[in-house]
Amino acid sequence: MKKKIEDTYGSSLIQVEVREYKNMTTLQFIKSDTYKEIAKASPDVLLFEPFLLNDNGVVGIENTLDNVDIILTYLKRQNEQLITILQPSAPVYKANNYPSDAKALEDFAKENGYEYINHWKAWPDYQSEKISAYLTQAPGQPNDKGEQLWTQYLEHYFTNSKSSQ
């Protein structure tokens, strides 16, 4: 995705930086002050996947949204021009509560003036066995095919063109 965006807009105009934080909840992200690293990078556009799946069943969606608000409020104070785009983690096959958490994140984004990317529209229905072809055995973890699907969706969102993959 980084290459596609930089090729589309030119690397002198746009630079894409990917930061991955594994095995964290939103609360751990705040307590460790890790979110302040994002502010130091001074992004103009932030695509943020706020640990929704990691928080599911651990932190609680209300606490997750409170934590996301703390993070994004801090980042906005550091850069008032920051454009923030939220997205959920990958879907989970036959999930019970997680889809409502994703909907709550979407509602939160709309209520607070953030863009929301619903890449789940590109995936097979999470209730369908077909989605298993895109996920690993670990819940909500995309395999290579799932990563490609997700990437293509994001590439189209950011460049309005078809993926080269």
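**Overall fold and local features of the predicted model**

Read from the N terminus, the elements of the protein follow the order α-α-α-β-α-α-β-α-β-α. That gives seven helices and three strands. The model is a predicted one, and the description below moves from the whole chain to single residues.

The overall dimensions come first. For 165 residues, a compact globule would be expected to have a radius of gyration near 15 Å, and the value for the protein, 16 Å, agrees with this. Along the principal axes, the C-alpha trace spans about 45 × 40 × 25 Å. Of the 165 residues, 44% are buried. Among contacts with a separation of 6 or more, 67% are between residues 24 or more positions apart. The accessible surface amounts to about 9700 Å², and carbon and sulfur atoms contribute 45% of that area. As for charge, there are 17 positive and 23 negative side chains, and the centres of these two sets lie 3 Å apart.

Helix H5 is a good place to start looking inside. H5 covers residues 61-78, and its 18 residues should span 26 Å at 1.5 Å a residue; the end C-alpha atoms are 26 Å apart, in agreement with that expectation. The buried residues in H5 include Thr64, Leu65, Asn67 and Val68. Further along the helix, Ile71, Leu72, Tyr74 and Leu75 are buried as well. Their cover comes from several parts of the chain, including the helices H2 (26-31), H3 (35-41), H4 (52-55) and H6 (98-111). Strands E1 (45-48) and E2 (83-86) are also among the elements that cover the buried residues of H5.

At the start of the chain, helix H1 (residues 2-9) has Lys4, Ile5 and Glu6 as its buried residues. These residues pack against helix H7 (144-159). After H1 comes glycine 10, with a positive phi near 90°.

Backbone angles also draw attention to two residues other than glycine. Most residues other than glycine have a negative phi. Asparagine 23, however, has a positive phi near 55°, and so does phenylalanine 51, again near 55°. Asparagine 23 sits in the loop between H1 and H2, whereas phenylalanine 51 belongs to the loop between E1 and H4. Their surroundings can be described in terms of accessible area. Asparagine 23 has a relative accessible area of 72%, and because exposed means over 50%, the residue counts as exposed. Phenylalanine 51 has a relative accessible area of 7%, and since that is under 20%, the residue counts as buried.

A final stop is threonine 136, located in the loop between strand E3 (115-116) and H7. With a relative accessible area of 36%, threonine 136 is partly exposed, because this value lies between the 20% and 50% cut-offs. Leaving aside residues up to four places away in sequence, threonine 136 touches Gln141, Pro142 and Asn143. Threonine 136 and glycine 146 are 10 residues apart along the chain, and their C-alpha atoms are separated by 8.8 Å.

Conventions:
Residues are numbered from 1 along each chain as its sequence is written. This is a predicted model: local features need pLDDT of at least 70, side-chain atom pairs count only at pLDDT 80 or more; totals for chains, interfaces and linings use all residues. Side-chain values use heavy atoms; hydrogens and water are left out. Helices (H or I, at least four residues) and strands (E, at least two) are DSSP runs, numbered from the N terminus. The radius of gyration is taken over C-alpha atoms; the globule rule is 2.2 Å times the number of residues to the power 0.38. Buried means under 20% relative accessible area, exposed over 50%, partly exposed in between (1.4 Å probe, protein chains only). Contact means heavy atoms within 4.5 Å. Accessible areas come from the Shrake-Rupley method with a 1.4 Å probe; for residues, only the protein chains shown count as cover. Lys and Arg count as positive and Asp and Glu as negative; His and the chain ends are not counted. The place of a charge is taken as NZ of Lys, CZ of Arg, CG of Asp or CD of Glu. The expected span of a helix is 1.5 Å times one less than its number of residues.
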